[in-house]
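Here's a quick briefing to read alongside the model. Have the sequence and the 3D view open as you go.

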Amino acid sequence: LDLLEQSKDSSDRALALTLARNRCSALDQVGCLRLGHFYERGVGEAADPERAVKTWQRACEASAGTACANVANRLLQSDAVPRDSAGGFAAAARAC
C-alpha cells in the first residue's frame, strides 16, 4: 500500500484506497488505520477528516490502540473535525 499511495499515478492511489477499504471491511485493524489516513489526506479521493475519524473509531472498537489514539488526538486537538472532549477522552482511555 505504501508504494501505491506514494505513486504519482492516480489509478495507483485509487487501488491503494480500494485495497485499504477491503481490508477494513474484513475488520483488519491495519487496513482501517491506513484507510483512515487515506481519508484524512485525500489519497484516491477528496480529503474527509470526519470520515477518517469514523474509520478509526471502528478500528478502536475492535481494540486497535493506535486507532484509538488517532481518534483521541483528532477529537481533542484538531480543527478539521468538531471537537468532542468526552469522545476524545473515552478513545484515549481505550488506547492504553
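What follows covers the nonpolar core, one helix pair and one exposed residue.

Keep in mind that this is a predicted model. Its largest nonpolar core has 23 residues, and α4 is one of the elements that give two or more residues to that core. α4 also pairs up with α5, with axes that come within 8 Å.

**The core**
- Inside the largest nonpolar core, the residues with the most contacts are Leu35, Phe38, Val53, Trp56, Ala67 and Val71.
- The elements that supply two or more residues to this core are α2 (10-25), α3 (29-41), α4 (49-61) and α5 (65-77).
- Take Leu35: setting aside its neighbours within four places in sequence, Leu35 touches Leu17, Ala20, Arg21, Cys24 and Thr55.

**α4 against α5**
- The two axes cross at roughly 140°, so α4 counts as oblique to α5.
- The crossing of α4 past α5 is left-handed.
- From α4, the residues at the contact are Val53, Trp56, Gln57, Ala59 and Cys60, and they meet Ala67, Cys68, Asn70, Val71, Arg74 and Leu75 in α5.
- Sorted by class, that contact has 8 nonpolar, 2 polar and 1 charged residues.

**Glu61**
- Glu61 sits in helix α4.
- With a relative accessible area of 57%, Glu61 is exposed, because the cut-off for that label is over 50%.
- Glu61 and Ala95 are 34 residues apart in sequence, and their C-alpha atoms are 10 Å apart in space.

Key:
Residues are numbered from 1 along each chain as its sequence is written. This is a predicted model: local features need pLDDT of at least 70, side-chain atom pairs count only at pLDDT 80 or more; totals for chains, interfaces and linings use all residues. Side-chain values use heavy atoms; hydrogens and water are left out. A nonpolar core is a set of buried Ala, Val, Leu, Ile, Met, Phe, Trp, Tyr and Cys residues joined through side-chain atoms within 4.5 Å. Buried means under 20% relative accessible area, exposed over 50%, partly exposed in between (1.4 Å probe, protein chains only). Helices (H or I, at least four residues) and strands (E, at least two) are DSSP runs, numbered from the N terminus. Contact means heavy atoms within 4.5 Å. Axes are lines fitted to C-alpha atoms, for helices over the stretch in contact, and angles run from 0 to 180 degrees between N-to-C directions. Angles under 35 degrees count as roughly parallel, over 145 as roughly antiparallel, 65 to 115 as roughly perpendicular and the rest as oblique. A crossing is left-handed if the near helix is turned anticlockwise from the far one by less than a right angle, and right-handed if clockwise. Ala, Val, Leu, Ile, Met, Phe, Trp, Tyr, Cys and Pro count as nonpolar, Asp, Glu, Lys and Arg as charged, and the others, Gly among them, as polar.
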